[in-house]
Amino acid sequence: MAQKSTVYKVELSVSDMDRHYYETHKLTVAKHPSETDERLMVRILAFALNAHEHLEMTKGLSSDDEPDVWQKSLSGELELWIALGQPSEKIVRQSCGKADKVIVYSYGRTAGTWWDKIKNSTTRFDNLRVVNLPEAETGALEKLASRAMKVQVNIQDGEVMVSVDDEIAYVTPIILK
């Protein structure tokens, strides 16, 4: 019998001084049975870093042909495709063909090896951005996860502070492409 997703209720307050974006989003996030708390929190962080009124969480791991987060125009065109982890070169190529802008947030101890392997084949994609999230910092994010969270994300000068209750984690995204 297949396990069901676990539902997380997230009140996400974003204060992005770099983009002058200040909003609170009420999110219902389905955590796939195979998804770790670290990946869940990276997904929430990716949403915060790109927060917009039309940004949406997708089925994520439950669907092969959808990103983890996306933004569609009012007429249905894919404006932003956000993928997490270490997608194959083929998936990166297909994503770049489907969306105006693609962002991959890589994380984990093998992220550097993954990027070294695919970076040369991605140079032709002007709509691709690759951002690495350091392993120690995503590990600190993982410890903040709970089923009902009030998450405050402050972004200034590329530095990110994530707080849940009295716990704080700092993340410094590293732009690879």
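**Exercise 1.** Which residues in helix α3 (residues 111-118) are buried? Work out how they sit around the helix, and what they pack against.

*Solution.* Keep in mind that this is a predicted model.

Step 1. Go through α3 and pick out residues under 20% relative accessible area. That gives you A111, W114, W115 and I118.

Step 2. Recall the helix geometry: with 3.6 residues a turn, residues three or four places apart point the same way.

Step 3. Now look down the axis of α3: the buried residues fall within an arc of 95°, so they line one face of the helix.

Step 4. Check the other side of α3, where T113 and K117 are exposed.

Step 5. Find the partners of the buried residues: they pack against α2 (89-98), β6 (101-107) and β7 (128-133).

**Exercise 2.** Find the largest nonpolar core, say which helix gives the most to it, and list what L12 touches.

*Solution.* Step 1. The largest core holds 39 residues, and V10, L12, I82 and Y105 have the most contacts inside it.

Step 2. Helix α1 (residues 37-49) gives the most to this core, supplying 9 residues.

Step 3. There's also a second, separate core of 15 residues, with W70, V102, V104 and I118 among them.

Step 4. Back to L12: skipping residues up to four places away in sequence, L12 touches E23, T24, H25, L27, I44, F47, A48, V151 and V153.

**Exercise 3.** Place S15 and trace its contacts.

*Solution.* Step 1. S15 belongs to strand β1 (residues 6-16).

Step 2. Its neighbours within four places aside, S15 is in contact with Y21, Y22, Q152, V153, N154 and I155.

Step 3. With Q152, the S15 side chain makes a side-chain to side-chain polar contact (3.3 Å).

Methods: Residues are numbered from 1 along each chain as its sequence is written. This is a predicted model: local features need pLDDT of at least 70, side-chain atom pairs count only at pLDDT 80 or more; totals for chains, interfaces and linings use all residues. Side-chain values use heavy atoms; hydrogens and water are left out. A nonpolar core is a set of buried Ala, Val, Leu, Ile, Met, Phe, Trp, Tyr and Cys residues joined through side-chain atoms within 4.5 Å. Buried means under 20% relative accessible area, exposed over 50%, partly exposed in between (1.4 Å probe, protein chains only). Helices (H or I, at least four residues) and strands (E, at least two) are DSSP runs, numbered from the N terminus. Contact means heavy atoms within 4.5 Å. The arc is that of the directions from the helix axis to the C-beta atoms. A polar contact is a pair of N or O atoms within 3.5 Å; within protein, one must be able to donate a hydrogen and the other to accept it, and residues adjacent in sequence count only if both atoms are side-chain atoms.
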